[in-house]
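Hi there,

Here is the structure I promised to pass along. Please have a look at it first, and my notes follow below.

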Amino acid sequence: MAWEQAEVRTLKEGRYMNIEDEPCKIVSISTSKPGKHGEAKARIEAIGIFDGNKRSVVYPVKHKVQVPMIDKRQAQITSLMGAEVQLMDLETYEMFQLPIPDEFKDTLKPGEDIMYIVAMGRKKIMRV
């Protein structure tokens, strides 16, 4: 299981949640007061980790949502292959390839250490 459940009222800005099966980082949360016959609702705006799309949802504060398990790891660059980079995890020594994000196109060099995240079975380079 790559996620756990949490109530909307326990979420905070800067944390993560799944929206449409996409792990997203929460940008803002605003709550409304309960109405005469209803309960308080929270409007959540978030940005997808892997696709960068902005999403917003409205849920009751007692609603349970999926929170992805984010694993931050270190890897070393072994080689550059065009638009992809080959990496070796520094804990497990696993070799794998990832696409190079646009912000790191000209800065990556073999032998450098990078930080990447693993969420919902997908990986992404976060910083050098």
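**Glu 22 and the strands around it**

In this predicted model, Glu 22 counts as buried, because its relative accessibility is 8% and the cut-off for buried is under 20%. The residue belongs to strand β3. Its side chain makes a polar contact of 3.3 Å with the side chain of Arg 122. Leaving aside residues up to four places away in sequence, Glu 22 also touches Met 17, Gly 48, Ile 49, Phe 50, Asp 51 and Arg 55, as well as Arg 122 itself.

Now for the strands. Strand β3 covers residues 22–31 and runs antiparallel to β4, with 7 bridges joining the two. One of the pairs to look for is Lys 25, whose bridge partner in β4 is Ile 47. Strand β4 is also joined by 7 bridges to β5 (residues 54–60), again in an antiparallel arrangement. Here Glu 45 has Ser 56 in β5 as its bridge partner. Between β4 and β5 the hairpin has 5 residues, and Gly 52 takes a positive phi near 75° there.

Which side chains of β4 are buried, and which are not? On one face, Ala 42, Ile 44, Ala 46 and Gly 48 are buried. Lys 41, Arg 43, Glu 45 and Ile 47 point to the other face and are not buried. In a regular strand, side chains alternate between the two faces of the sheet, and the side chains along β4 (residues 41–48) do alternate.

Happy to go through any of this with you.

Best wishes

Key: Residues are numbered from 1 along each chain as its sequence is written. This is a predicted model: local features need pLDDT of at least 70, side-chain atom pairs count only at pLDDT 80 or more; totals for chains, interfaces and linings use all residues. Side-chain values use heavy atoms; hydrogens and water are left out. Buried means under 20% relative accessible area, exposed over 50%, partly exposed in between (1.4 Å probe, protein chains only). Helices (H or I, at least four residues) and strands (E, at least two) are DSSP runs, numbered from the N terminus. Two strands pair if DSSP finds at least two bridges between them. A polar contact is a pair of N or O atoms within 3.5 Å; within protein, one must be able to donate a hydrogen and the other to accept it, and residues adjacent in sequence count only if both atoms are side-chain atoms. Contact means heavy atoms within 4.5 Å.
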